[in-house]
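I opened my notebook to a clean page for this one. Here is what I looked up, in the order I looked.

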Amino acid sequence: MKLRKKKKLFWLSGFILISAFWLYLSAQVELKYHTPQEVISLLKDLAAKKPDTCRLVMLGKSAGKLDLAGLEIAAETQKFKPEERQAVLITANLEGFHLPGTEAALKIADSILNAYGRDKSWAEFLKSHTVYIFPLLNPDAASAYFSKPKLERDFNARPVDEDNDGLVDEDGPEDLNGDGFITLMRLKSPEGQWIIDPKNPRLMRLADPKKGEKGEYLLYTEGLDNDGDGQFNEDGPGGVALNRNFAHDFEYFEKRAGLYPASEPEVEALLKFMFDHHNIAMVINFSTENNLLNMQQTGQARAGGDKVRVPRQFATFLGLDPETEYTLKEIVEALKASGVGGGMEIDESMIATFLGLGPAMTIDRADQVMYEEIQKVYKEGLKQAGLDYLEKRAKGVGKGSFAAFCYYQYGVPVFSFDLWQVPEPKKEEKKETLSVDRLKSMSSEEFLALGEEKIAAFLKEQGAPPNFNASMLMNMVKSGQVTPARMAEMMEKMPRSRAGASEEENPEAYLLTYSDTVLKGAGFVDWKPYRHPQLGEVEIGGFVPYLKYVPPAEQLQSSIKFHTDFCLKLPEKLPQLVLKSHKIEKLGPETYRVTIYLQNSGALPTSTAQGRRALTAYPLRVKLMLEPGQKLFAGKPVEMLPFLQAGETRKLEWTIQGKKGSQLKGKVWGNKINPLEFSLKID
Ligand SMILES: [Ca+2]
Ligand SMILES: [Ca+2]
Ligand SMILES: [Ca+2]
Ligand SMILES: [Ca+2]
């Protein structure tokens, strides 16, 4: 009996221990929205619990003087310092309302630290790699979610005079009806441009004069005209939208984007960190942009000085040679001379858009392949996880955004995930039908698989000009001249009749359905009369702030789980140098021919094509480290390899003089890859 009891006790204590351990592992980061203060203390806790792998990094302060903090995760070894190892940077919340990103980044940090203890491959990975995680880069804006009244904001706390009246932040919104939200006010007015949507009386839409509709309402954000200038809430507290403040396709003269690129302390601190850490070889970002589902860049393609070939179909009728390369200017001239454009004004940027060029707006064709491969796996995963609804409204990378900067200027692969969107009620999906929206997220392969008939029908429906035919487009896609995303952009710019627009559903109808069903009405404030001290009788109502970006935390569960797993696999793809094999042949007394086969065993190239274009990716250098008594007879003292593709092997050869039995040492290095050292025995 006694023994039994002891045994029981033993099992029980074991069980308690295991459950405590499990709790420790799994409950570290709870699924909820953490306030900026909670994020900082969570990061401090993680760093304190695993001091051998994890250190707190203080980046600086936000415009509102809140801490910008993150983690550096790297196992301690004697070999390299963390800043000398190939690294992955994980960022979130530059769009301050994107709180789901913060939670995903925290979950990833937690998962990596746990995996380090349990999973051999992560333990190995962290001996030679570093992961930097900054989960909350716009704490000023994120704080607004936790404040009352709730106001949706993505800008920091920098005071900005939005209306140029010399007063700064003089007229912000007020929660007049005291419901805790800043929503909208509608005022009946002959000057109004808005009408109540007859199909959806809670929603407003712009009156369409072409249909004989006349505007009836003015819309304002909820509040008073504090400075008596006749405008309502035109200059609230703050600020600059950080995800528009980066140095790629920056919008000058746009207050929300900032005075100049990196004008904001948060952006400057992040960029300084990145330029101090040249070892960063991949960026994983969370924002409303999903660049694996929508590879389209916003903005106009710009003409470069590059020469290009003209697709055969055009070349023939323009009298150009398809095998010759032309500047965009030459193509414009040829097009004008041909009279094809009719009276249309043709410029270089149109040609660039048409040919899928534009030096800084389009993913380089060589890199496109890399993205498409990862996109394929991602899409399959989303489908299995029941998250493929994200595709429909996936947003491309925006002007001045961090993700655009990472790819175009910093020159590394960047993967940006939006994690969640308001789910749409399932309609009868005409899956087979092509739409401009669907085109944006299609890979070239998927587009071609549609077949000529469907593409032709789609072109007709879009009102494409007759010389813009299906087989021509297919050939252009096949040859890589244009991507489906680029085509979508062109089609959106094409003038076409908006017939049937009246039957279109209110673009906000799906938000209302979501609020009514999933949120049981909590996402919408019904319009109620309010006596406004300045405007008189108005009604206050509309969608609650954050509806589109911050769902109840439990709705994020499956997406965060899926994206954590997906993101934890991305670093495995990083390029890695290995000595595949070598040969040492004796040519004469103490003279040898040395051959090595150098391989990139990773699933990504050693640098992106854009990184080489932006001159941020250095070539690989291969050097024999000759010792006294060893001499180079033939071959270069330092070989330069511009890059190695994923899986590519290159042969390198030298003739040296050296003693039999001595060691020949060599080294291969670049700036975003772990160096390879080798030592070969001469015999
Ligand atoms: Ca002002
Ligand atoms: Ca302001
Ligand atoms: Ca209110
Ligand atoms: Ca005002």
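**Entry 1: the whole protein.** I began with the surface: the protein exposes about 32,900 Å², and carbon and sulfur atoms supply 55% of that area. I noted at once that this is a predicted model. Of the 683 residues, 51% count as buried. I then went through the secondary structure and found 19 helices and 22 strands. For contacts with a separation of 6 or more, 71% come from residues 24 or more positions apart.

**Entry 2: the calcium ion (ligand 1).** Which residues act as protein donors to the calcium ion (ligand 1)? I found Asp-161, Asp-163, Asp-165 and Asp-235 giving OD atoms, Leu-167 giving its O, and Glu-170 listed twice with OE. These donors lie 2.2 to 2.6 Å from the ion. Along the chain I wrote their spacing as D-x1-D-x1-D-x1-L-x2-E-x64-D. I also checked the cover on two of these residues. Asp-161 has 14% relative accessibility, so I put it down as buried. Leu-167 has 43%, so I put that residue down as partly exposed.

**Entry 3: the calcium ion (ligand 2).** Next I turned to the calcium ion (ligand 2), coordinated at 2.0 to 2.7 Å. Its donors are the O atoms of Val-160, Gly-236 and Gly-238, OE of Glu-162, and OD of Asp-169 and Asp-235. I noticed that Asp-235 is named for ligand 1 and for ligand 2. Is the arrangement of the six donor atoms regular or irregular? The angles run from 74 to 163°, so I recorded it as irregular. For reference, six octahedral donors would ideally give 90 or 180 degrees. The sequence spacing here reads V-x1-E-x6-D-x65-D-G-x1-G. I then located two of the donors: Val-160 sits in the loop between α5 (139-145) and β5 (184-188), and Gly-236 in the loop between β8 (217-221) and α6 (265-276). The pair therefore ties together parts that are 76 residues apart in sequence. Val-160 and Gly-236 are both buried.

**Entry 4: the six-stranded sheet.** I traced an open sheet in the order β1-β2-β4-β3-β9-β12, and its pairing is mixed. β1 (54-61) and β12 (414-417) are the edge strands, each pairing on one side only. From one strand to the next, the twist averages 20°. Helix α2 (residues 36-49) packs on this sheet and touches β1 and β2, with its direction at about 25° to that of β2.

I lingered on β4 (residues 129-134). Six of its six residues are buried, so the strand is largely enclosed by the rest of the structure. His-129, Val-131 and Ile-133 cover one side, while Thr-130, Tyr-132 and Phe-134 are on the other. How do the partners of β4 run? β2 (residues 67-73) is antiparallel to β4 and joined by three bridges, with Leu-71 opposite Ile-133. β3 (residues 86-92) runs parallel to β4 and is joined by six bridges. There I found Gln-86 opposite His-129 and Ala-87 opposite Thr-130.

**Entry 5: the four-stranded sheet.** Further along I picked out an open sheet ordered β15-β16-β20-β18, with antiparallel pairing. β15 (577-588) and β18 (631-634) stand at its edges with a single partner strand each, so one side of each has no neighbour in the sheet. Neighbouring strands are turned by 35° against each other on average, direction ignored. Inside this sheet, β16 (residues 591-600) and β20 (residues 649-657) pair over nine bridges. As one example of a bridge partner, I noted Arg-650 in β20 for Leu-598.

**Entry 6: a hairpin and a helix.** β21 and β22 form a hairpin with six residues between them. β21 (residues 663-669) pairs with β22 in the antiparallel sense over six bridges, and Leu-664 stands opposite Leu-680. Which side chains of β22 (residues 676-681) are buried? Leu-676, Phe-678 and Leu-680 are, and they point to one face. Glu-677, Ser-679 and Lys-681 point to the other face and are not buried.

Last, I looked at helix α15 (residues 470-478), whose buried residues include Met-472, Leu-473, Met-476 and Val-477. After α15 comes Gly-480, with a positive phi near 80°.

Notes: Residues numbered from 1 in each chain as written. Chains lettered and ligands numbered in written order. Predicted model: local features only at pLDDT ≥ 70, side-chain atom pairs only at ≥ 80, totals over all residues. Heavy atoms only, no water. Donors = N, O, S within 2.8 Å, 3.2 Å for Na, K, Ca; no water. Tetrahedral: all angles 85-135°; square planar, octahedral: opposite > 155°, others 65-115°. Buried < 20%, exposed > 50% of the residue type's maximum accessible area, 1.4 Å probe, protein only. Pairing = 2+ DSSP bridges. Axes fitted to C-alpha atoms, helices over the stretch in contact; angles between N-to-C directions. Contact = heavy atoms within 4.5 Å. Areas by Shrake-Rupley, 256 points an atom, 1.4 Å probe, with all protein chains shown as cover.
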